[in-house]
Amino acid sequence: MSKEVKNTVKEKIILGIDPGTTVMGYGLIKTQGKKYEILQYGVIHLKKYDSHELKLKKIFERITGIIEEFLPDNVALEAPFYGVNVQSMLKLGRAQGVAMAAALAREIPITEYSPKKVKQSVTGNGNASKEQVAAMLQTLFKLTELPKMLDATDALAVALCHHFHEGRFQTRGRNEGWKSFIEENPNRVKK
């Protein structure tokens, strides 16, 4: 690749979000080609708010503020995993929806990734613990110390997962092998 082509690789900012109703993690990375660096990461503390509605309002305000400050090109969210408690899932889905609405209000593209996909992308193990994800991020970003709240590192992992998978077709719950590709794209196969 020539120097001219290398210099035309667009710089992008990705906002990763780890939705939560008690603590919501966020992480911003700047990418250019294969290079990436952290811009900011942290958590939004929501436990202190009495009602779910106030928590949703706070999420919208904080995510909107982060978007206005950093102007991300993409937002990547960790999709809620299916749990036993329906009420918790409903509240988590609302929190995710409010974060998505903040991005959609600024016409920023949104991509969701399953927790397993995020862990697999960052650590190579889809069943990695939060601590293992944080340790790998510490290595990849050359961090001297990790935040106390692992929700922030989870959000960074979501942003990095998006960087690693950007431009690739995302599938959920399907076989991603050649057989699946051929079945889904019969017009692209020469016989």
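This briefing covers the overall make-up of the chain, the packing of two of its helices, and the surroundings of two residues. The model is a predicted one, and its chain contains seven helices and five strands. Of the 191 residues in the chain, 40% are buried.

**Overall make-up**

- Read from the N terminus, the order of the elements is α-β-β-β-α-β-α-β-α-α-α-α.
- Among the contacts in the chain with a separation of 6 or more, 60% are between residues that lie 24 or more positions apart.
- The area exposed by the chain comes to about 11,700 Å², and 53% of this area is supplied by carbon and sulfur atoms.

**Helices α2 and α3**

- Helix α2, which spans residues 52-70, and helix α3, which spans residues 86-104, have axes that come within 8 Å of one another and cross at roughly 30°. Because angles under 35 degrees count as roughly parallel, α2 is described as roughly parallel to α3.
- The crossing that α2 makes with α3 is right-handed.
- On the α2 side, the residues in contact are His52, Leu56, Ile59, Phe60, Ile63, Thr64 and Ile67, and these meet Lys91, Arg94, Ala95, Val98, Ala99, Ala101, Ala102 and Ala103 of α3. Sorted by class, this contact between α2 and α3 comprises eleven nonpolar residues, two polar residues and two charged residues.

**Leu140 in helix α5**

- Leu140 belongs to helix α5, which covers residues 130-141, and its relative accessible area is 26%, so Leu140 is classed as partly exposed.
- Leaving aside residues up to four places away in sequence, Leu140 is in contact with Tyr36, Val122 and Leu160.
- Although Leu140 and Glu37 are separated by 103 residues in sequence, the C-alpha to C-alpha distance between Leu140 and Glu37 is 9.3 Å.

**Asn127 in the loop before α5**

- Asn127 sits in the loop that lies between α4, residues 115-123, and α5. With a relative accessibility of 60%, Asn127 is counted as exposed, because the class begins over 50%.
- When residues up to four places away in sequence are not counted, Asn127 touches two lysines, namely Lys116 and Lys119.
- Pro115 is twelve residues from Asn127 in sequence, and the C-alpha atoms of Asn127 and Pro115 are 8.9 Å apart in space.

Methods:
Residues are numbered from 1 along each chain as its sequence is written. This is a predicted model: local features need pLDDT of at least 70, side-chain atom pairs count only at pLDDT 80 or more; totals for chains, interfaces and linings use all residues. Side-chain values use heavy atoms; hydrogens and water are left out. Axes are lines fitted to C-alpha atoms, for helices over the stretch in contact, and angles run from 0 to 180 degrees between N-to-C directions. Helices (H or I, at least four residues) and strands (E, at least two) are DSSP runs, numbered from the N terminus. Angles under 35 degrees count as roughly parallel, over 145 as roughly antiparallel, 65 to 115 as roughly perpendicular and the rest as oblique. A crossing is left-handed if the near helix is turned anticlockwise from the far one by less than a right angle, and right-handed if clockwise. Contact means heavy atoms within 4.5 Å. Ala, Val, Leu, Ile, Met, Phe, Trp, Tyr, Cys and Pro count as nonpolar, Asp, Glu, Lys and Arg as charged, and the others, Gly among them, as polar. Buried means under 20% relative accessible area, exposed over 50%, partly exposed in between (1.4 Å probe, protein chains only). Accessible areas come from the Shrake-Rupley method with a 1.4 Å probe; for residues, only the protein chains shown count as cover.
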